[in-house]
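This report walks through a protein model for a reader at the bench, with the sequence and the structure shown just below. It takes up a histidine, the nonpolar core, the aromatic pairs and a short helix in turn.

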Amino acid sequence: MTNPDLPFIDEHETDIEASADEAWSALLEAAGQLFDGRIAPRYARAVRCEDVAATGPRPLAEGATIPGFRVTTLVPGSELVLSGRHRFSEYSLRFRIAPNGADQSRLRAETRAAFPGAAGRVYRLLVIGTGGHEVAVRRLLARVRRATMRRRSNATPG
């Protein structure tokens, strides 16, 4: 579960023209691939994240990690919480999926974070204040939406 003691930062949502199960599958895939490549592990080490490498099963399961995050809560089909900590911040990103009408769902992403000390305040300005965090979260939500659309079009006989 999201650490309720961390200050609320923001929440973003998107409607997906697919069932909650289809959206869930796409979310797990997108989150598991979130920081593929060489840059994310380097960044995670540079800021001294607790989790600097991808470990554990794919699709994601509780306890699995991606650079900068650990899966702290996973309720199949409805909730995924990624949490992390490094020298400038403690944070969590909570995804919730809920049905939203016939064969539609809504995906929400809630961020909570604390940025202690002067260095934390500077880091918050760089990540949150510049809008970089919002862009990254919106891109992830769009990636999940596109993945469900792609899967549906590939599954349609034609």
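Two residues are said to touch, or to be in contact, when heavy atoms of theirs lie within 4.5 Å. The model discussed here is a predicted one.

**A buried histidine**

With that meaning in mind, and leaving aside residues up to four places away in sequence, His12 touches Leu107, Arg108, Ala109, Glu134, Val137, Arg138 and Leu141. His12 belongs to strand S1, and its relative accessible area of 6% places this residue among the buried ones. Its side chain also takes part in polar contacts, one of them with the side chain of Asp10 at 3.1 Å and another with the side chain of Arg138 at 3.2 Å. Arg138 therefore appears both in the list of residues that His12 touches and as a partner in a polar contact between side chains, where the cut-off for N or O atoms is 3.5 Å.

**The nonpolar core**

In soluble globular proteins, nonpolar side chains tend to be buried together. The largest nonpolar core of this model holds 37 residues, of which Leu27, Leu80, Phe95 and Leu107 touch the most other members. Two or more residues each are contributed by strands S1 (8-16), S3 (69-75), S4 (79-86), S5 (89-99) and S6 (105-114), and by helices H1 (20-32) and H4 (132-155). Helix H1 supplies the largest share, with 8 residues. Leu27 itself, when residues up to four places away in sequence are not counted, touches Leu80, Phe95, Ile97, Leu107 and Val144.

**Aromatic pairs**

How many aromatic pairs does a search of the whole structure find? The search finds 3, and two of these are set out in the table, each with its ring geometry.

| Pair | Distance between ring centres | Angle between planes | Type |
|---|---|---|---|
| Phe69 and Tyr91 | 5.4 Å | 75° | edge-to-face |
| Phe88 and Tyr123 | 5.3 Å | 15° | stacked |

The pair of Phe69 and Tyr91 links distant parts of the chain, since Phe69 lies in strand S3 and Tyr91 in strand S5, 22 residues apart. Phe69 is buried, with a relative accessible area of 13%, and Tyr91 is likewise buried, with a value of 12%. In the other pair, Phe88 sits in the loop between S4 and S5 while Tyr123 sits in helix H3 (residues 117-129), so that this pair ties together parts 35 residues apart in sequence. Phe88 and Tyr123 are both buried, and ring pairs join them with Phe115 into a cluster.

**Helix H2 and its two sides**

Helix H2 spans residues 39-46, and within it Ala40, Pro41 and Ala44 are buried. Viewed down the helix axis, the buried residues of H2 fall within an arc of 95°, and they therefore line one face of the helix. An α-helix has 3.6 residues a turn, so residues three or four places apart point the same way. Are Ile39 and Arg42, on the other side of H2, buried or exposed? Both are exposed, and Ile39 counts as such because its relative accessibility is 70%, where the cut-off for exposed is over 50%. The C-alpha atom of Ile39 is separated by 9.6 Å from that of Pro67, a residue 28 places away along the chain. Just after H2, Arg48 adopts a positive phi of about 60°.

Definitions and conventions:
Residues numbered from 1 in each chain as written. Predicted model: local features only at pLDDT ≥ 70, side-chain atom pairs only at ≥ 80, totals over all residues. Heavy atoms only, no water. Buried < 20%, exposed > 50% of the residue type's maximum accessible area, 1.4 Å probe, protein only. Helix = DSSP H or I, 4+ residues; strand = E, 2+ residues; numbered from the N terminus. Arc of directions from axis to C-beta. Core = buried A, V, L, I, M, F, W, Y, C linked by side-chain atoms within 4.5 Å. Phe/Tyr/Trp six-rings, centres within 6.5 Å; stacked < 30°, edge-to-face > 60°. Polar contact = N/O pair within 3.5 Å; in protein donor to acceptor, adjacent residues only side chain to side chain.
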